[in-house]
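Here's a quick tour of the model for anyone heading back to the bench. Have a look at the sequence and the 3D view first, then work through the notes below.

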Amino acid sequence: MKVFLSVDMEGISGIVDNTYINPDAGVNYQRGRKFMTDDANAVIEAAIEAGATEIVVADSHNTMNNILWESLHPKGKLLAGSPRNSSMMQGLDESFDAALFVGYHTRQGVPGVLSHTMSGVIRNLYINGRVVGEFGFNAYYAGWFNVPVVMVSGDDLIAEEAKDLIPGISTAVVKKAVSRTAALCLSREEATAELKQKTKLALSKIGQIAPLTTTVPMEMAIQFAHTGQAEMAAIVPGSRYETETGTLSYTAQDPHDLYKTMRAMLNLAAGVEFF
Ligand code: ZN
């Protein structure tokens, strides 16, 4: 059994605010890296017990150099560093039996610990008209390869966001959101137990959880935080700009095209200052 882990940071056990996820923020970031590695290890260990023979771990936060390689489970192959054409999902293809999303968070504009979608420039992101966050975008990407996302870990609200898109998905809830930067966190021991239990449950249900699919080619739409960002991102060939809503649309011909184009638009938009 071949398993793909995409490991983000905002939904990791014990992490509640920016000091844990920003490399420039200080001592808590070093603790956050350890928490992230511990969460990944719990999932890897349980996956092996459930029969996984190959495990790829894609570090999926910021510059994607957060997981402590020297402390990662010996059976986990670590995909670290950036840039990557398919970012959080780089390396996934149709050879995988399942994907598990660890340390994920809710989408931009809704409650949840450190909620956002990809970067600060996105107000709303849509796939074929359906609003999605990183969970949904990456799940549709996996679905294009016919790979099911069988487990998500994070706060109680990303668990709900995930279940809306993928009924039956296993959810490891390691904290309860109190505000965008506060949460009631399980202890290390309890969080590890939750991650292991839900990983085993998820991998026992492969075949019962359908990949998240939609009609292809996929229509991606990005509503930007302000119009200057949308106007800059509209440089991307093939994009269509709807001025009334500040939204760029694009028809992606394959999953690589989908991810690369989204990243190109975000990188262009990121260079535009509001004032
Ligand atoms: Zn992140």
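## Briefing

Start with Thr199: setting aside neighbours within four places in sequence, it is in contact with Val43, Ala46, Ala47, Leu100 and Met151. This threonine sits in helix H4, residues 188-204. Keep in mind that the model is predicted.

**Thr199 and helix H1**

- Is Thr199 buried or exposed? Thr199 is buried, because its relative accessible area is 0% and the cut-off for buried is under 20%.
- Two of the residue numbers to look for in helix H1 are its ends, since the helix covers residues 27-49.
- H1 has 23 residues, so at 1.5 Å a residue it should span 33 Å; the C-alpha atoms at its ends are 34 Å apart, which agrees.
- Just past H1 you'll meet Gly51, with a positive phi of about 110°.

**The zinc site**

- Which residues hold the zinc ion? The ion is coordinated by Asp8 through OD, by Glu10 through OE (listed twice) and by His61 through ND1, at 2.1 to 2.5 Å.
- Read along the chain, the zinc donors follow the spacing D-x1-E-x50-H.
- Why is the arrangement called irregular? The four donor atoms subtend angles of 54 to 136° around the zinc ion, whereas a tetrahedral call needs all angles between 85 and 135 degrees.
- Asp8 and Glu10 are both buried.

**Met9, between two zinc ligands**

- Met9 belongs to the loop between strand E1 (2-7) and H1.
- Met9 counts as buried because its relative accessibility is 0%.
- Beyond neighbours within four places in sequence, Met9 is in contact with Ile15, Tyr20, Ile21, Tyr29, Gly32, Arg33, Met36, His61, Asn66 and Gly103. One of these, His61, also coordinates the zinc ion through ND1.
- Met9 and Thr37 are 28 residues apart in sequence, and their C-alpha atoms are 9.8 Å apart in space.

**Helix H3 and its cover**

- H3 runs over residues 156-165, and its buried residues are Asp156, Ile158, Ala159, Glu161, Ala162 and Leu165.
- What covers those buried residues? The cover includes strand E4 (98-104), strand E6 (130-132), helix H2 (134-144), strand E7 (149-155) and strand E8 (170-179).
- At the N-terminal end of H3, Asp155 acts as a cap: one of its side-chain oxygens lies 2.9 Å from the backbone nitrogen of Leu157.

**The loop between E3 and E4**

- Gly81 sits in the loop between strand E3 (76-79) and E4.
- With a relative accessibility of 13%, Gly81 counts as buried.
- Leaving out neighbours within four places in sequence, Gly81 is in contact with Thr63, Met64 and Asn65.
- Gly81 and Asn65 are 16 residues apart along the chain, yet 5.2 Å separates their C-alpha atoms.
- Pro83 is in the loop between E3 and E4 too, and the peptide bond leading into it from Ser82 is cis, with omega near 5°.

**More backbone oddities to check**

- Another cis peptide bond runs from Val216 to Pro217, with omega near 0°. Pro217 is in the loop between H4 and strand E10 (218-224).
- Met118 has a positive phi of about 65°, although it is not a glycine. Look for Met118 in the loop between E4 and strand E5 (122-127).
- Asn128 is a residue other than glycine with a positive phi, near 45°. Asn128 lies in the loop between E5 and E6.
- Is Asn128 buried or partly exposed? Asn128 is partly exposed, because its relative accessible area is 27%.

**Domains**

- The domain assignment splits the protein chain into domain 1 (2-115 + 145-204) and domain 2 (218-270).
- Taken over C-alpha atoms, the centres of domain 1 and domain 2 are separated by 27 Å.
- Eight residues from domain 1 and five residues from domain 2 take part in the contact.

Methods
Residues are numbered from 1 along each chain as its sequence is written. This is a predicted model: local features need pLDDT of at least 70, side-chain atom pairs count only at pLDDT 80 or more; totals for chains, interfaces and linings use all residues. Side-chain values use heavy atoms; hydrogens and water are left out. Helices (H or I, at least four residues) and strands (E, at least two) are DSSP runs, numbered from the N terminus. The expected span of a helix is 1.5 Å times one less than its number of residues. Donors are N, O and S atoms within 2.8 Å of the metal (3.2 Å for Na, K and Ca); water is not among the atoms, so sites may look incomplete. Four donors count as tetrahedral if all angles lie between 85 and 135 degrees; four count as square planar and six as octahedral if opposite donors are over 155 degrees apart and all others between 65 and 115; anything else is irregular. Buried means under 20% relative accessible area, exposed over 50%, partly exposed in between (1.4 Å probe, protein chains only). Contact means heavy atoms within 4.5 Å. A polar contact is a pair of N or O atoms within 3.5 Å; within protein, one must be able to donate a hydrogen and the other to accept it, and residues adjacent in sequence count only if both atoms are side-chain atoms. Domain bounds come from an automatic or database domain assignment.
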